[in-house]
Amino acid sequence: MTSDDVAVAVPGRVNLIGDHTDYTGGLALPIAIDRWTTITGTRSDRIQLRSDDEPVVALVPGDEPPSGWTRHVHAIATLLAERTGWVGLHGTITTTIPIGAGLSSSAALDIALALACGADMTPHELIALASAAERHATGVPTGLLDQTAIVHARDGHATVIDVASASIAHVPVPPDAEIVIRHVAQRTLAASGYTQRVRECAAIEQQIGPLATATLSQLDEIDDDVLRRRARHVITENARVRSAVDALAACDLVAFGALMVDSHRSLAEDYAVSTAAMDDAVASALATRGVLGARMTGGGFGGCIVMLVEPGSEVDGWRVRPVDGPC
Ligand code: GLA
C-alpha cells in the first residue's frame with residue numbers, strides 16, 4: 001500500500017434494547033456486529049466509487065441523485081468539504097451487512113466513506129457528521145443511535161449509550177449469550193411512520209418537558225390517548241435499558257430476555273412501530289427451545305428481530321458477535 005491507498009472496514013449494528021429513545025435523548029444498548037462495509041481505493045482529486053451490489057457509480061462532483069446509496073456519497077463529500085476541505089477517492093465498496101434490513105448498513109456506509117475520504121475528527125465529530133449525512137440522504141429525522149453504536153463499539157461488549165449526556169459505557173456480553181438476528185422484511189424508514197413518531201415525541205415534550213427525564217406519573221398530564229401511549233413507551237423503554245444493563249452485568253440472561261419481550265410489547269402496542277410479521281416472528285422465536293428473549297430491533301416497520309439464545313439452540317437466523325468499531 002502507498003500513502004494514497006485506503007482500506008477501511010466499518011461494522012453494522014444491532015440494538016439489543018432501547019429503541020425509539022435516542023431522538024428524545026434517551027438510552028440504548030447496542031452492539032456492532034461481525035458484518036462490515038469495506039471501502040478500498042486510492043486518494044484522488046474527485047470521488048468515483050463503485051459498489052459490488054449496485055450498478056450505479058457514485059461521482060462527485062456530479063449531479064446529486066434523488067435517492068439511493070450514491071446520495072450518501074454526495075452528502076458525506078459535501079459535509080467533509082465544508083469542514084476539512086476537498087478530498088477525493090477512487091475505489092470500490094463491498095458489504096456483508098444486509099441492506100435495508102435495519103442493521104445500519106447506511107450508517108456504516110456513511111462512516112466508512114468519511115474515514116476513507118480522510119476524515120480526521122474526534123468520535124463525537126464523526127458521529128455528528130455521519131448522522132447529518134444520513135438525515136440529508138434519507139430526509140428522515142433519525143437520531144444518533146446507529147452512528148454512536150458503530151463508532152463506540154467494543155469487541156465482546158455491548159455499548160450503553162446515554163444520548164442526552166453523550167456518555168458511553170461498555171458492558172461485557174457473557175460468552176454464553178448467543179445473539180441471533182432474523183430478517184423479517186425489507187423496509188425504508190422514509191416510507192414508514194418514523195417521522196410521525198419523532199413529531200409525536202416533540203408534541204409530548206411541549207406538554208411535559210424532556211422525555212429522557214420524565215416519569216410515569218407525568219402521563220396523566222397528557223390528554224391525547226395516542227400521545228400518552230407513545231410517552232409510556234419511551235419512559236418505560238429507558239427504564240428497561242437501565243434494568244437490562246444491570247442484568248447483563250450480573251450475567252442474568254433470563255432477566256435480560258424478559259426485558260426484551262417487554263420491550264417488543266411496548267414497541268408494538270404503545271409505540272405502534274412493529275408489524276404483524278414481526279410480531280409473528282417474535283412469537284415463533286419465543287416458542288423455540290433455548291430462546292431467552294426476542295424483540296424487533298431498530299426503527300421497526302419491518303427489518304429484523306433480535307434474539308438472545310442459549311448456546312447450541314437450534315434457532316434460524318444470523319448468529320452475530322460484538323465487534324470493535326472503526327475508531
Ligand atoms: C433507526 C434510527 C435510529 C433510532 C432507531 C430506533 O435505526 O436511525 O436513530 O431512532 O431507528 O431506535
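Okay, a quick word on terms before the pockets: when I say helix or strand, I mean a DSSP run, helices being H or I with at least four residues and strands E with at least two, numbered from the N terminus. And keep in mind that this is a predicted model.

So, the largest pocket. Its volume is about 930 Å³. There are 41 lining residues, and the ones closest to the centre are His72, Ser105, Ser106, Glu134 and Thr138. Which elements build that lining with at least two residues each? They are α1 (69–84), β5 (88–95), α2 (105–116), α3 (123–138) and α4 (145–151). Domain 1 (5–169) and domain 2 (174–320) both contribute lining residues, so this pocket sits between them. As for chemistry, we get 19 polar, 14 nonpolar and eight charged residues in the lining.

Next, the second largest pocket, with about 170 Å³ of space. Here α3 turns up again, giving at least two lining residues, as do β6 (157–162) and β7 (167–172). Among the residues around this pocket are His124, Ile127, His152 and Asp162. The lining splits into six nonpolar, four polar and one charged.

Last one: the closed space. How many cavities of 30 Å³ or more are there? Just one cavity makes that cut-off, and it holds about 50 Å³. Its lining is Leu16, Val173, Ile179, Leu248, Phe256, Met260, Val306, Met307 and Leu308. Two elements, α7 (253–269) and β10 (303–309), give two or more of those residues, and β10 has the largest share, with three. By class, that lining is nine nonpolar, with no polar and no charged residues.

Key. Residues are numbered from 1 along each chain as its sequence is written. This is a predicted model: local features need pLDDT of at least 70, side-chain atom pairs count only at pLDDT 80 or more; totals for chains, interfaces and linings use all residues. Side-chain values use heavy atoms; hydrogens and water are left out. On a 1 Å grid over the protein atoms alone, a cavity is a set of points where a 1.4 Å probe fits but cannot get out, and a pocket is an open set with protein on both sides within 12 Å along at least five of seven lines; lining residues have an atom within 4 Å of a point. Grid points are joined across faces, edges and corners, and a volume is the space filled by probe spheres set on the points. Ala, Val, Leu, Ile, Met, Phe, Trp, Tyr, Cys and Pro count as nonpolar, Asp, Glu, Lys and Arg as charged, and the others, Gly among them, as polar. Domain bounds come from an automatic or database domain assignment.
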